[in-house]
Amino acid sequence: MILSAKNLTVAFGEMRAVDEAAFTVERGESFGLVGESGSGKSTVLRVLAGLIEDWSGSIAFDGKALGRTRDRAFYSRVQMVFQDPYGSLHPRQTIDSALAEPLAIHKMDRHEQRIEKALEEVGLGSGFRFRYPHQLSGGQRQRVAIARALIVEPEMLLLDEPTSALDVSIQAEVLNLLDALRKAHNLTFVMVSHNLAVVAHMCRRLAVMNRGRIVEEMDRDALRRGEAKDPYTRRLMAASRGYDRKLAESFKTLD
Amino acid sequence: MNASWSQWLLDEAPASRAQARAGAFYRSWLAFRRNPLAMVGLAIVVSLVLVAIFAPLIAPFGPTVQDLDFRLQPPSHRHWFGSDELGRDIFSRVVFGSRITLMIVLLVIVTVAPIGLAVGTLAGYFGGWVDAILMRVTDVFLAFPRLILALAFVAALKPGIENAVLAIALTTWPPYARLARAETLVVRKADYIAAVQAQGASGMRIVLRHIVPMCISSTIVRMTLDMAGIILTAAGLGFLGLGAQPPSPEWGAMISSGRRFVLDQWWVAAMPGIAIFVVSLGFNLLGDGLRDVLDPKRE
């Protein structure tokens, strides 16, 4: 077990964005967090990444409890990929500087080779190295963001809807790239998505979140067989099959 | 510029850090060049610099050389801008005065921009009590009218060009701090800042390497637009006798000494006045052009 969270609660004022969430992630597995917008899934990820400091409960990473602030050693083992590739790259920095930055932060050596290798691994040639983000497409930018996360050779990647801002045709490419990289580097993924199909494709195990609570945990095969127990999960699965007016109505009344 | 150079600069896939930087700069230059007024401003500012550098070669007389036989001469072949009450050549004095103006401009830039950026970005990024303390200090400086505060500073220290610059700098930085803080507040919530946080970067590193670059362009624009005001304040202090001291050919001081003859010998006050006007206009036009090019919302 590389990561475990217990009683994880995040409150923004009166609103409990995450309510007593508990889950565990095994080393080398890929774990999905699914839910609709506002279900608290991204908040969980941001707490794990140390971007939200105001939380209660306990999180343990590799057997050690995590505090409010994370040290640099933690970030050399856990990296994050953001949802919006248009927003997550500094608009005034070339791809080269974006990739050099984590190397400088973690005082790593051989910058040249590492940058070349990282670009190679995500399927971007060295021709992209000195371009600015605005010269790249969404998919290319997300590849850069993945390269930036992987360049410090982490053990775990936190993926915040890594494909939801991309074209459908590009989504599959990026997901397959992530899957291949996970196998190649023996990475652990924690992936957040609102898309059941994406999670079913990527993750062996998943947790379904609704209104800050984890309502159900299941594995991929159970999901594929449609063996959801929780009524919310069933509705979510039905919704993923297509639009249905009755179903859309039922989401409104669900509390 | 020949074709292969511009091809190298506009290359979509630059091969080195230097090429990428030069290319980004060249693209801004191309956008800047399309604005004729901004080019006029740039030309004025560049000529100010050239005139200041080559003043001894351009000026036909020394700035303090008196010729009492030629007092208060109107503009002529011998004295292009006329001569003043001590027979000094006004053209030469205006030319040498550009050095003082340029020095004031440079000294104010090197003091104001770093102070304003540092105070603003730190306050904006760290927030909380850091923000409260830095911004209240800024408010104190903002509470006084600029010229009055500068006057008080100079009067308390002692009249002179260095103290005038110091006084101007001390009264000019607060708006820069405000501006940088406002930009920082917008930028600090951006994903690319969260991304460097999630890479484990320290607060100082984030401010210096990721936030300051986003605030620099607005600071440059504001600086060039403010430059006219700074030159006028310096001239104002000179006019009131609190800036450059005679016989130094500071433009404001020259107007001050010329105001006694303004009706009969108009050129004594008018020539340095025109110089102030042209240079201020130049900086304003340049600032307008730079704003169009550097505006982060352009992309």
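Here is a short chat about a predicted model, looking at one helix of chain B and at where chains A and B meet.

Student: How far does helix 3 of chain B reach from its first C-alpha to its last?

Tutor: This helix covers residues 36-53, so count 18 residues. At 1.5 Å a residue, the expected span is 26 Å. The model comes close to that, with a reach of 26 Å.

Student: Which residue caps the N-terminal end of helix 3 of chain B?

Tutor: Look for a side-chain oxygen by the backbone nitrogen of B:L37. The two atoms lie 3.3 Å apart, and the oxygen belongs to B:N35.

Student: Where around helix 3 of chain B do its buried residues sit?

Tutor: The buried ones are B:A38, B:G41, B:I44, B:V45, B:L48 and B:A52. Around the axis they cover an arc of only 120°, which means they sit on the same side of the helix. Their cover includes helix 2, helix 4, helix 5, helix 11 and helix 12 of chain B. As for where they sit, then: on the same side of helix 3.

Student: How many salt bridges are there between chain A and chain B?

Tutor: One pair to look up is B:R205 and A:E101, whose side chains meet at 2.7 Å, N to O. That is within the 4 Å cut-off for a salt bridge. Between the two chains, the count is 5.

Student: Which element supplies the largest share of the side of chain A that touches chain B?

Tutor: Helix 2, strand 6 and helix 3 of chain A each supply at least two residues of that side. The largest share is 5 residues, and it comes from helix 3 of chain A.

How values were computed. Residues numbered from 1 in each chain as written. Chains lettered and ligands numbered in written order. Predicted model: local features only at pLDDT ≥ 70, side-chain atom pairs only at ≥ 80, totals over all residues. Heavy atoms only, no water. Helix = DSSP H or I, 4+ residues; strand = E, 2+ residues; numbered from the N terminus. Buried < 20%, exposed > 50% of the residue type's maximum accessible area, 1.4 Å probe, protein only. Arc of directions from axis to C-beta. Contact = heavy atoms within 4.5 Å. Polar contact = N/O pair within 3.5 Å; in protein donor to acceptor, adjacent residues only side chain to side chain.
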